[in-house]
Amino acid sequence: MAASPLNPKSHFHARSKSLPSRPHPLILQCNEHLERLRASHETSSSSSLLNQKLGGLQDLHECVEKLFQLPLTKEALHHHCQENWVDELLNGSLRLLDVCTATKDSLLHTKECMRELQSIMRRRKGGEVELKAEIKKFLASRKVVKKAISKALTNLKGTTKNCNISSTNKENQTLALVSLLENVEVVTLSTFQALLHFISGTTQSKSSNWLLVSKLMQTKKVACSQLVDESEFAQLDEALQSCMFSQTSKFDNMTKLKNHLEKLESLIQDLEEGLDFLFRRLIKIRVALLNILNH
């Protein structure tokens, strides 16, 4: 007797291989956050825009955290746990935590030196000698910060990615997931790079920034940022130098320095709050990824 076309086993087998043709709504939502961040990378990175980018990253990674709770994400990671792209997700999550930590540390170090200098300026004890000694100490600390930032950026240049999913895999949801997570790391690293250059007070050309990200991620989907405005950190460096070495009015130099310190204090607080929130989110995402792979 011929096999029935309604054989339950064959029917179940056929259905088990069918997959949604469209990505999950949460993937689409994450991609919307990505598009907004890409658009922001096309403009110069002022302090206000960098704060906006941090807010956008927070929204993006909050969405990614929800994505790791989905059964389809857990199933994809379990099914492909031996593939290179899964290892790269782990490496990428650690890379993001490292560069976020470096950014937080550079802000903290600068803030601590600022408070010491502001304290001396308020007390006005020890006169010009003590003040110049503290300014000299601050300038030295800025060199330490810039050296640490340079090292962090160099470490990023030395990394490569190979997240390509196997060409035999035709699962639309998995392909969409891998593409999304690759792009999340691209945009996040690019924003951190802009922040690090901003804090160091250096400018970043459009071409050099993109070459770094392109080499790291092997993709050309993300526009890069270009720092054309002098950052508040660069302005502070100039004010410190003027107080130490300029022959112009000491009163004017001190007034400018005081104004720069007050302005930067508020900016650092905003950046720190944004980075702290993002750091906690990055940790949650890494923990979720490890939990999925270990169970």
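**Group meeting: a ring pair, a charge over a ring, and a cavity**

I'll start with a lysine: K104 sits over the face of F279, 5.4 Å from the ring centre. Keep in mind throughout that this is a predicted model.

Now the overall layout. The protein chain contains 10 helices and 0 strands. Read from the N terminus, the order of elements is therefore plain: α-α-α-α-α-α-α-α-α-α. Of the 295 residues in the protein chain, 46% are buried. As for contacts, take those in the protein chain between residues at least 6 apart in sequence: 82% of them join residues at least 24 apart.

Next, the aromatic rings. How many aromatic pairs are there? The count is 1 aromatic pair. The partners are F198 and F233, and their arrangement is edge-to-face, with 5.9 Å from centre to centre and 80° between the planes. The edge-to-face label applies because planes over 60 degrees apart count that way.

Where do the two rings come from? F198 belongs to helix α7, residues 172-200, while F233 belongs to helix α9, residues 232-245, so the pair ties together parts that are 35 residues apart in sequence. Are these two phenylalanines buried or exposed? F198 has a relative accessible area of 2% and is buried. F233 is buried as well, at 0% relative accessibility.

On to the cavity. Searching the whole structure for cavities of 30 Å³ or more turns up 1. The volume of the largest cavity is about 190 Å³. Its lining has 14 residues, and the closest to the centre are L89, G92, S93, L96 and I285.

Which helices supply the lining? At least two residues each come from α3, α5 (84-123), α7 and α10 (250-294). Helix α7, then, appears twice in this talk: it holds F198 of the ring pair, and it supplies residues to the cavity lining. By class, the lining of the largest cavity is made up of 9 nonpolar, 3 polar and 2 charged residues.

One last residue, E65. It is located in helix α3, residues 47-67. Is E65 buried or exposed? With a relative accessible area of 16%, E65 is buried, because the cut-off for buried is under 20%. Leaving aside residues up to four places away in sequence, E65 touches R281, K284 and I285. I285 came up a moment ago, among the residues closest to the centre of the largest cavity.

That is what I have for today.

Terms used:
Residues numbered from 1 in each chain as written. Predicted model: local features only at pLDDT ≥ 70, side-chain atom pairs only at ≥ 80, totals over all residues. Heavy atoms only, no water. Phe/Tyr/Trp six-rings, centres within 6.5 Å; stacked < 30°, edge-to-face > 60°. Helix = DSSP H or I, 4+ residues; strand = E, 2+ residues; numbered from the N terminus. Buried < 20%, exposed > 50% of the residue type's maximum accessible area, 1.4 Å probe, protein only. Lys NZ or Arg CZ within 6 Å of the ring centre and 35° of its normal. Contact = heavy atoms within 4.5 Å. 1 Å grid on protein atoms, 1.4 Å probe; cavity = no way out; pocket = protein on both sides within 12 Å on 5 of 7 lines; lining within 4 Å. Points joined across faces, edges and corners; volume = space filled by probe spheres on them. Nonpolar A, V, L, I, M, F, W, Y, C, P; charged D, E, K, R; others polar.
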